[in-house]
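This briefing introduces the structure shown below to a reader meeting it here. Please keep the sequence and the model in view while reading.

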Amino acid sequence: FAGISILIRDVTLKPAREAGKLDAWLPAVIFHNPVLVYGLALGRQYMRYFDWDYLFFDSSQVRYFNVTGVGLMYAWDLPFLIWGIYNLICKWNKPESKLALAWLVMAPLPGAITLGEPNAGRSFMLLPMVQIITAIGWVDIWQRKTVANWMRGIMMAGLIYSGLIFGHQYFKHSQDEFTG
């Protein structure tokens, strides 16, 4: 923890203090104080775990477990995730909805207190809930009586196509990248 935390003074606070030396005394105290500097660093790292590019489109910045051109989840899942979050918010009075949304909000905290790019290992607690919420959205749309069979076919085709893209990127392009 002492080597990767955002609370390392030399990495987080020292550059802010050096930038504050250029300011007058009062702005330096207001804008370069430890609470603000560490709070902004925590917020910045926290939001990186919800980056759409990282989650759905390109996890190549991740040191381990990455496939170029593919996020940690299928891009096709994005509308179903949004629909699942909407459903949970609409059912806010149910305890399971509160639990799911609280889990989604708290899960990136272990990764948020560390330096560097988002880490798939630190996303361990985030991804199951994102997948569960996506499944909630998927099932809700699938079970609606107003959804025609051809729309269900499009949903399945999108899922299969996303899987094929992942497989192609994983078996063809990732091998070339890591061996060449």
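Within helix H5, the residues that count as buried are Leu78, Phe80, Leu81, Gly84, Asn87 and Leu88. The model is a predicted one. The chain as a whole has 9 helices and 0 strands, and the points below take up its overall make-up, two of its helices, its largest pocket and three individual residues.

**The chain as a whole**

- Read from the N terminus, the order of elements is α-α-α-α-α-α-α-α-α.
- Of the 180 residues in the chain, 34% are buried.
- About 11400 Å² of the chain is exposed, and carbon and sulfur atoms supply 69% of that area.
- Among contacts with a separation of 6 or more, 64% join residues that are 24 or more positions apart.

**Helix H5**

- H5 covers residues 78–90 and has 13 residues.
- From its first C-alpha to its last, H5 reaches 18 Å, close to the 18 Å expected at 1.5 Å a residue.
- Asn87 is part of helix H5, and Asn87 counts as buried because its relative accessible area is 7%, under the 20% cut-off.
- Leaving out residues up to four places away in sequence, Asn87 touches Ile136 and Asp140.

**Helix H8**

- Helix H8 spans residues 126–143.
- The 18 residues of H8 should span 26 Å at 1.5 Å a residue, and the end C-alpha atoms of H8 are 26 Å apart, so the two values agree.
- The buried residues of H8 are Leu126, Leu127, Met129, Val130, Ile133, Thr134, Gly137 and Trp138.

**The largest pocket**

- The largest pocket holds about 160 Å³ of space.
- Its lining is made up of Phe50, Asp51, Trp52, Leu55, Phe56, Leu78, Leu81, Ile82, Ile85, Leu104 and Val130.
- By character, the lining residues of the largest pocket divide into 10 nonpolar, no polar and 1 charged.
- Helix H4 (52–57) and helix H5 each supply at least two residues of this lining.
- H5 gives the largest share of the lining, with 4 residues.
- Leu78 and Leu81 appear both in the pocket lining and among the buried residues of H5.
- Val130 likewise lines the largest pocket and is one of the buried residues of H8.

**Two loop residues beside H8**

- Met125 is placed in the loop between helix H7 (109–112) and helix H8.
- Met125 counts as partly exposed because its relative accessibility is 41%, which falls between the 20% and 50% cut-offs.
- Apart from neighbours within four places in sequence, Met125 is in contact with Trp103 and Ala107.
- Met125 and Trp103 are 22 residues apart in sequence, and their C-alpha atoms are 8.3 Å apart in space.
- Val147 lies in the loop between H8 and helix H9 (149–179).
- Val147 counts as buried because its relative accessibility is 9%, a value under 20%.
- When residues up to four places away in sequence are not counted, Val147 touches Ile141 and Arg152.

How values were computed:
Residues are numbered from 1 along each chain as its sequence is written. This is a predicted model: local features need pLDDT of at least 70, side-chain atom pairs count only at pLDDT 80 or more; totals for chains, interfaces and linings use all residues. Side-chain values use heavy atoms; hydrogens and water are left out. On a 1 Å grid over the protein atoms alone, a cavity is a set of points where a 1.4 Å probe fits but cannot get out, and a pocket is an open set with protein on both sides within 12 Å along at least five of seven lines; lining residues have an atom within 4 Å of a point. Grid points are joined across faces, edges and corners, and a volume is the space filled by probe spheres set on the points. Ala, Val, Leu, Ile, Met, Phe, Trp, Tyr, Cys and Pro count as nonpolar, Asp, Glu, Lys and Arg as charged, and the others, Gly among them, as polar. Buried means under 20% relative accessible area, exposed over 50%, partly exposed in between (1.4 Å probe, protein chains only). Contact means heavy atoms within 4.5 Å. Accessible areas come from the Shrake-Rupley method with a 1.4 Å probe; for residues, only the protein chains shown count as cover. The expected span of a helix is 1.5 Å times one less than its number of residues.
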